[in-house]
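User: Can you help me see how the labels people put on a structure follow from their definitions? I'd like to ask a lot of "why is it called that" questions.

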Amino acid sequence: MMNRQGRPSQPSDATTAPISATWTGHRALDLNEPLLFEQDRPGVTGVDFEPVSEGKTRLGGLERDEKIGLPGLTESQVVRHYTRLSRKNYAIDMGIFPLGSCTMKHNPRLNEAVAAMPGFADIHPLQPMASVQGALGVMEQLSHWLKTLTGMPGVSLSPKAGAQGELCGLMTIRAALEARGDARVRVLVPESAHGTNPATAAQCGYKVDSIPANDEGRVDIEALAEKLGDDVAAIMLTNPNTCGLFERDIIEIAAMTHAAGAFFYCDGANFNAIVGKVRPGDLGIDAMHINLHKTFSTPHGGGGPGSGPVVFSEALVPFAPSPFIAREGDTLRLVEDCADGAVGRMAAFHGQMGMYVRALTYMLSHGSDGLAQVAEDAVLNANYVLEGLKDVMSPSFEGPCMHEALFDDRFLKDTGVTTLDFSKALIDEGFHPMTMYFPLVVQGAMLIEPTETESKESLDEFIGALRHLATMASAGTSNSFAAAPQYSPVTRLDETQAARSPVLSYQVPDQDAAE
Amino acid sequence: MSDIRYSEDHEWIILDGDVGTIGISDYAQGALGDVVFVEMPEIGASLDKGAEVGVIESVKAASEIYTPVSGEIVAVNEAVDGDPSLVNTDPLGEGWLFKIKLSKPEELNGLSNQDAYNKFLEGLD
Amino acid sequence: MRYLPLTDHDRQDMLASIGASSIDDLFVDVPEGLLQSGPLDLPRHQSEMAVERAMEALAKQNRSAGEGPFFLGAGGYRHHIPATVKHLISRGEFLTAYTPYQPEISQGTLQVLFEFQSQVVRLTGMEVANASMYDGSTACAEAVLMARRISKKKKVIVSGGLHPQYADVIRTMTRFTDDDVNFQAPTPHIDDDALIAVLDDQTSCVVVQNPDVFGNVRDLTSLAEAAHAVGALLIATVTEIVSLGAIRSPGEMGADIVVGEGQSIGNALSFGGPYLGLFATRLRYVRQMPGRLCGETVDSDGKRGFVLTLSTREQHIRREKATSNICTNSGLCALAFSIHLSLLGEKGLRQMAHINHMRAVQLVDALGQIEGVEVLNDTFFNEVTIRVPGDARELVNRLAELGILAGVSGGRLFDSLTDMADLIILAATETTTDEDIHALASALREALS
């Protein structure tokens, strides 16, 4: 099932009150910044090098004679360029970032300081193992924390992100099934699943079959029973699910799945709701990826890098990808070769060491007691938001939520305001909007995950703004919503033009066109 | 207008001899939003009724196109390739997608006429 | 606790407003007996100072690149990163920003991605580049899958000069597809004629690395022509992106897809990750390209702005029919790359590349004078392969004990392949000094006598 919720991608005709133009085009601290390529000073560079003794080149006559086309800037120009650009970004450091399923918690700076230590930053993956025992020690400790928190016996640290973790998990399952001579063809995925789940299953060569939700937003057990069969390799569930709800039938779901000879893959994106409080291993899962950039605070960096280690049950451990850590007395070793039938290598080298260091620093900071508190506060914050909004917005499901609260667009019915418009108005109020139009199981979804690092005051302000906007929407002021956002560095962008006439890299302007 | 028929996947077909012209309905183009690209079937391909023949993409959605009848693809609308907005502005005219030579004309009987399709849309809400 | 703002008073107030008597009421759906009653068996919370000490102790057990002569390459390279890069990427507006799904408040990230894509296009000599992938090895495997979607053919030919771990990733990613992948045996000698000999009209793509894992530099033009003649695509891999400041780009030589590892510019060695996958291709293939893409457009006032575009290729819309399952990219690493490259510019990159090459020339001159050492390369950029008497891995370990990280041995990189066991791959960069080369040469001479 594909995402059919198309929505407007061009700015509307709604006009805003004109702001008088400045000569520069800047507006006080909101400074326009051209592209690097538009500031080129040929022959200028912002890096100085020491001279080197010249010798005869050995490039085989393949010197790069043609101009590359990279612009030249001085150091101060570069600093100004990126400083100005940074100020056009919303970020966690500025305010609440309530994106459901993304877990946008505070990124501690201690993590950054530790990752920058030369002993972690300046080591090469292929150095002799005796010279990197500390790095292997980080990996060993991180493995121990992940296995203990999840209650699972094995872990593969190497996947580079959550999506790669899902692939790792499914490939390991497929390898295990093939080893027992029982290749199967289908993977069951809930309709509410994150897009990476069916994409991963397809990439692994499986046919994807949908599991519907019941009226309470959870997996429909009867429908699941009908879909299970001896051609099903695995189910992929998120728990708590993408509606922010704990799958109360999860023990039964695991049992049914195993009885059918299939494996239970768990998408760990929502682990923040239960870390330190519930061990997924106790729920019957066989494999689960953990997003270190979600639950364990490694920074989102504008879209990446992430890290997606996968924990495994006993049955799957022999098939998990290399490399992994082995201890021989006082010495640690990286085992890089692949056991027969195991998945093999998923990426060069040993995974996202920079993220392991940050995540371990975070785990040591919180400790097991702190991490349980993280889950409790995350769940409390989400429920506080739900309680503060349920009379003016439309929660999709009854009862308490876990770490995220799901609303749909029923409260906007007949107002002329869409989920999209509502979210854009939130931008003018000074917030990054919540996740919109996901999960697909409700109409016009709005998924709010505050995380545990928001204070009560921050939540009160956010709730207040949403209450205000909900009231405005019912009062029939849809025009101002359609014009939002007005105060951001740019207003709504023409995404249709961007897709119909793609301009995907800098094009040097036509000299003739200037005439 | 000559006898237009609709499928439950919101495609329309108009017959001329044994060749049917197929596109998506006005309802479908509205639901999709601004069309940005259409992946067309290959000319010469032989397909059964219900087979996936292409994909219509808007900015935030992608919808499969299924052929409402069996047959051989004899033409695709190059104009839509150059200007996908035709599907939005004139879905039943200039925004046609492909032409198919029917191998089983009796399949038309299973499709809805304009009235039946309008009723179907009402039921969708 | 320093990262948790709620006080016990807050918690009580909030529970009261929700109508719950304790937090565990909100965990009501957890099956009986499975809600932990106390902390799990792991250390309790610690102060920043204590954590710093613990992590420092681990860091001290690692021998870092700057502590002595360092000649490792093979897919990860030690370069000098200007202080400006680290300062700019640590700005909270970059570090703690998210994927730019709300473009009106993400123009910083989006303009950076547009500039990054433009830089990658120019470096590789191609027409369009994505907003980064995890690393060079996964970008390479994704290119093979993309070639299949375009050519609709199953046979893949992989050069013996491709980094063996990249080849392993291709092996893993095609394990459950019906691709017929032919891995040529690794060889330190350029094998392009052998590749051309196995090309046929069943071939989907040929995967080659330039400079290859042994450091050799070659002209890809005839390989590109031979591939195109049978309707196959040429995928060129670049693991040392600085090389494109000195040698002809794969795009100029006829490549259809260029993948690469961007770590060398802006990003630390970091024990192998996070790294930066570069992916570039021809415009006509753009709809088959995986990964995020940033495009230029205008806002409702006609002002230029940037948005993620052509999103129907991706998992969040296309789900099981997506070009790839990739979601997260390497955003911050791409930013670091872009900042470093804008500091370098045309002139600085060429200068940097030239110095790298000259240092490698000096290294080769020094090594060539050592009894028993045979330099195998005719051509190279900043990396070369030598043959030594006896087991190279053991030699490298012995030199490490003397404080010299001499390079990557064939045994370490190629596992059990016996014909690689006497090889060492060494890299020199602008960070390599005369003293480093001298110390390495002396130690080698000593060890081999």
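Analyst: Sure, let's begin with pairing: two strands pair if DSSP finds at least two bridges between them. Helices (H or I, at least four residues) and strands (E, at least two) are themselves DSSP runs, numbered from the N terminus. With that, chain A has an open sheet of 4 strands in the order β10-β11-β13-β12, with antiparallel pairing. This is a predicted model, where local features need pLDDT of at least 70, side-chain atom pairs count only at pLDDT 80 or more, and totals for chains, interfaces and linings use all residues. Residues are numbered from 1 along each chain as its sequence is written, while chains are lettered from A and ligands numbered from 1 in the order in which they are written.

User: How do you know that β11 and β13 of chain A pair?

Analyst: Count the bridges: 3 of them join β11 (residues 405-408) to β13 (residues 446-448) of chain A. The definition asks for at least two, so the pair qualifies. The two strands run antiparallel, and A:Leu406 stands opposite A:Leu447 in β13(A).

User: What makes β10 and β12 of chain A edge strands?

Analyst: Each of them, β10 (394-395) and β12 (435-436), pairs on one side only.

User: Which order do the strands of the open sheet in chain C have?

Analyst: The order is β10-β11-β13-β12 (chain C), with 4 strands and antiparallel pairing. β10 (374-375) and β12 (408-409) of chain C have a single partner strand each, so one side of each has no neighbour in the sheet. α11(C) packs on this sheet and touches β10, β11 and β13 of chain C; its direction makes about 10° with that of β11(C). β12(C) and β13(C) pair in the antiparallel sense over 2 bridges, and C:Val408 sits opposite C:Ile425 in β13(C).

User: Why is α4(A) called oblique to α2(C)?

Analyst: Helix α4 (residues 133-150) of chain A and helix α2 (residues 48-60) of chain C pack at about 135°, with their axes 6 Å apart. Now the cut-offs: angles under 35 degrees count as roughly parallel, over 145 as roughly antiparallel, 65 to 115 as roughly perpendicular and the rest as oblique. The angle falls in "the rest", so α4(A) is oblique to α2(C). Axes here are lines fitted to C-alpha atoms, for helices over the stretch in contact, and angles run from 0 to 180 degrees between N-to-C directions.

User: Which residues make that contact between α4(A) and α2(C)?

Analyst: A:Gly134, A:Gly137 and A:Val138 come from α4(A), and C:Leu58, C:Ala59 and C:Lys60 from α2(C). "In contact" says that their C-beta atoms, placed from the backbone, lie within 7 Å. By class, the contact has 3 nonpolar, 2 polar and 1 charged. Ala, Val, Leu, Ile, Met, Phe, Trp, Tyr, Cys and Pro count as nonpolar, Asp, Glu, Lys and Arg as charged, and the others, Gly among them, as polar.

User: How many residues of chain A and chain C are in contact overall?

Analyst: 171 residues of chain A are in contact with 168 residues of chain C. Helix α9 (residues 353-389) of chain A gives the largest share of chain A's side, 20 residues. That side divides into 84 nonpolar, 56 polar and 31 charged residues.

User: What makes the domains of chain A?

Analyst: An automatic or database domain assignment sets the bounds. For chain A, the assignment gives domain 1 (111-365) and domain 2 (372-488). Their C-alpha centres lie 30 Å apart, and 18 residues from each domain take part in the contact.

User: What is odd about the bond from A:Asn239 to A:Pro240?

Analyst: That peptide bond is cis, with omega near 0°. A:Pro240 is in the loop between β4 (232-238) and α8 (250-259) of chain A. The bond from A:Ala484 to A:Pro485 is cis too, with omega near 0°. A:Ser297 has a positive phi of about 70° although it is not a glycine. Most residues other than glycine have a negative phi, and most peptide bonds are trans.

User: How confident is the predictor about chain C?

Analyst: pLDDT is the predictor's confidence in each residue, from 0 to 100. Chain C averages 96, and 100% of the residues score at least 70.

Conventions. Contact = placed C-beta atoms within 7 Å.
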